[in-house]
Amino acid sequence: MRISTFFYTIKQGIINIFRNKWFSLASIATISACLFLFGLFFAVLMNVDSIVKTAQEGVSVTVFFDEGISQERIVEIGEMIDKRPEVAKKRFISAEEAWETFKVEYLGEYADGFTENPLADSASYEIYMNDVSMQPALVTYLEGVEGIRLVNRSEVTAASLTGINALIAYVSIGIIAILFAVSIFLISNTVTIGISVRKEEINIMKYIGATDFFTRSPFVIEGMLIGIVGALIPVGIIYVIYNHVIEYIMTEFASISNLLAFVSVETIFTQLLPISLIMGVGIGFLGSITTVRKHLKV
Amino acid sequence: MAKNDVKRRKKIAVANDEIITLKNVSKAYATGAPALNGVDLHIKKGEFVFIVGDSGSGKSTMIKLLLRELVPSSGEINVMGYDLTRIRHRKIPKFRRNLGIVFQDFRLLKDRNVYENVAFAQRIIQVSNKEIKRNVPSILATVGLAGKYKAKPRQLSGGEQQRVAIARALVNRPSILLADEPTGNLDPKNSWEIMKLLEQINENGTTVLVVTHNREIVNAMQKRVVTMKKGVIVSDEEKGGYIDDED
């Protein structure tokens, strides 16, 4: 392709956008609306995901040992735990440490009345897992290990977190698929209208001997440019909204904000911006190329 | 493939100086009677040929076949060495570049000026901007529109619009100019001017095919006339006239 042809094609694509202002606006609005919903959903999703992850990281299994267990056996059990694939990390909490923590958390100044450690047999391993869903398997295993008296676990939390994770995955795949399909359908309709307006032009081009590629290119470039604009607008809007909402929650609901750490706007947008752009360009490309193809059989 | 094409074209070029050959060509649409029925037509390089006939005679089908907009149901069509029954889809653009086409309704791009409408044909075949700037004014001068290159189609008369269409058809220097009812929308004076222009183009070496209803012009110009009726050629005369459809 000649350089002048390349620029001519790009120029025609841009001129087409302005020549059919209303169709272009309709297409941009369509893509914007879909990507706006997607962006909102994406931002919420990332936050929920981050909250769930933080919660998961806090889920642990604690094992206590039989009374009078030897120090060697405790080390042995520790090594067995380390070998399990479910285990991300474990921490040994000695009886003294447990007592200190307990004193600070629950007793305060009343602790002075105790001369001996009432939690003498309460040394434990605190075990963190790679994945919360692995907890039942790990617990079953631990309960069978000799020398372990008690396995404390947070079954409800683990089960519900696993459930939330799966739900989020399904819902997000579903919503993204629907939004994508709807956008392509709407874009295809808009391009069809735009093309029927320019059917004559396409006809003339074909009669004069334009290749399919040459005929198609300005429409495809037009579709992709519309896709880019259609992606940037909602990302910009979401950026502003997101910042404001977080600021609002932080000031109005200070108590919640301590519990929930929001994902920073930068983290979200380093992902949302490229994804939206790719989706916008993809929708514009697919929408225009499939529609032009239908009308190229001259 | 490309090699074969060249071979085939050469063979035909050597065999005779025919630029358009139809051998026993029939075209039937899904519904109704055949639009063309066993048509044989041979046109030599540099000829000026009128194709006349009433609506339903098969003229339009013939034009569509020559443009390879349609494929014949049977028979062979050869245009400029291209076997149109076997030509591959991606070769069609290249084939059409050697064919100038003029329509009754002009088919100009209404949102572009005269210059851009003609330059458009050159852009499509990827001529450089520099050459376009040289070619377009010269062709506009040939059709007598040198001063109107900035005008939009709606600012022009029908005759002027048809001249733009002819300029667009000619700017890529085609071997054949196909004109489908070029004077159908024009008054007698403009019709004559367009015909004179087509004759002049023919004198410069381009093969010209004109499909028309215009009895007066056909009778006056004394060119080869191919008359069609109900899908067959009923007469083909050198220096012929318009045959009235009395029966």
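## Contacts, helix packing and cores in a two-chain model

In this predicted model, 17 residues of chain B are in contact with 16 residues of chain A; two residues are in contact if their C-beta atoms, placed from the backbone, lie within 7 Å. On the side of chain B that touches chain A, the elements giving two or more residues are α3 (92-96) and α4 (114-124) of chain B. Helices (H or I, at least four residues) and strands (E, at least two) are DSSP runs, numbered from the N terminus.

The table sorts two sets of residues by class. Ala, Val, Leu, Ile, Met, Phe, Trp, Tyr, Cys and Pro count as nonpolar, Asp, Glu, Lys and Arg as charged, and the others, Gly among them, as polar.

| Set | Nonpolar | Polar | Charged |
|---|---|---|---|
| Side of chain B that touches chain A | seven residues | three residues | seven residues |
| Contact of α4(B) with α5(B) | eight residues | two residues | no residues |

Residues are numbered from 1 along each chain as its sequence is written, and chains are lettered from A and ligands numbered from 1 in the order in which they are written. Local features need pLDDT of at least 70, side-chain atom pairs count only at pLDDT 80 or more, and totals for chains, interfaces and linings use all residues.

Helix α4(B) also packs against helix α5 (residues 129-142) of chain B, at an angle of about 120° and with the axes 10 Å apart. Axes are lines fitted to C-alpha atoms, for helices over the stretch in contact, and angles run from 0 to 180 degrees between N-to-C directions. The two helices are therefore oblique to each other, since angles under 35 degrees count as roughly parallel, over 145 as roughly antiparallel, 65 to 115 as roughly perpendicular and the rest as oblique. From α4(B), B:Val114, B:Tyr115, B:Val118, B:Ala119 and B:Gln122 meet B:Ile132, B:Asn135, B:Val136, B:Ile139 and B:Leu140 of α5(B).

The largest nonpolar core (buried Ala, Val, Leu, Ile, Met, Phe, Trp, Tyr and Cys residues joined through C-beta atoms within 7 Å) has 74 residues. A residue is buried if 20 or more other C-beta atoms lie within 10 Å of its own. B:Val118 and B:Ala167 are among the residues with the most contacts inside this core. Helix α4(B) gives the most to this core, with seven residues. Another core, of 26 residues, lies apart and includes A:Ile31 and A:Met224.

Chain A has ten helices and four strands, and buried residues make up 27% of its 298 residues.

Key. A residue is buried if 20 or more other C-beta atoms lie within 10 Å of its own, exposed if 12 or fewer, and partly exposed in between; C-beta atoms are placed from the backbone.
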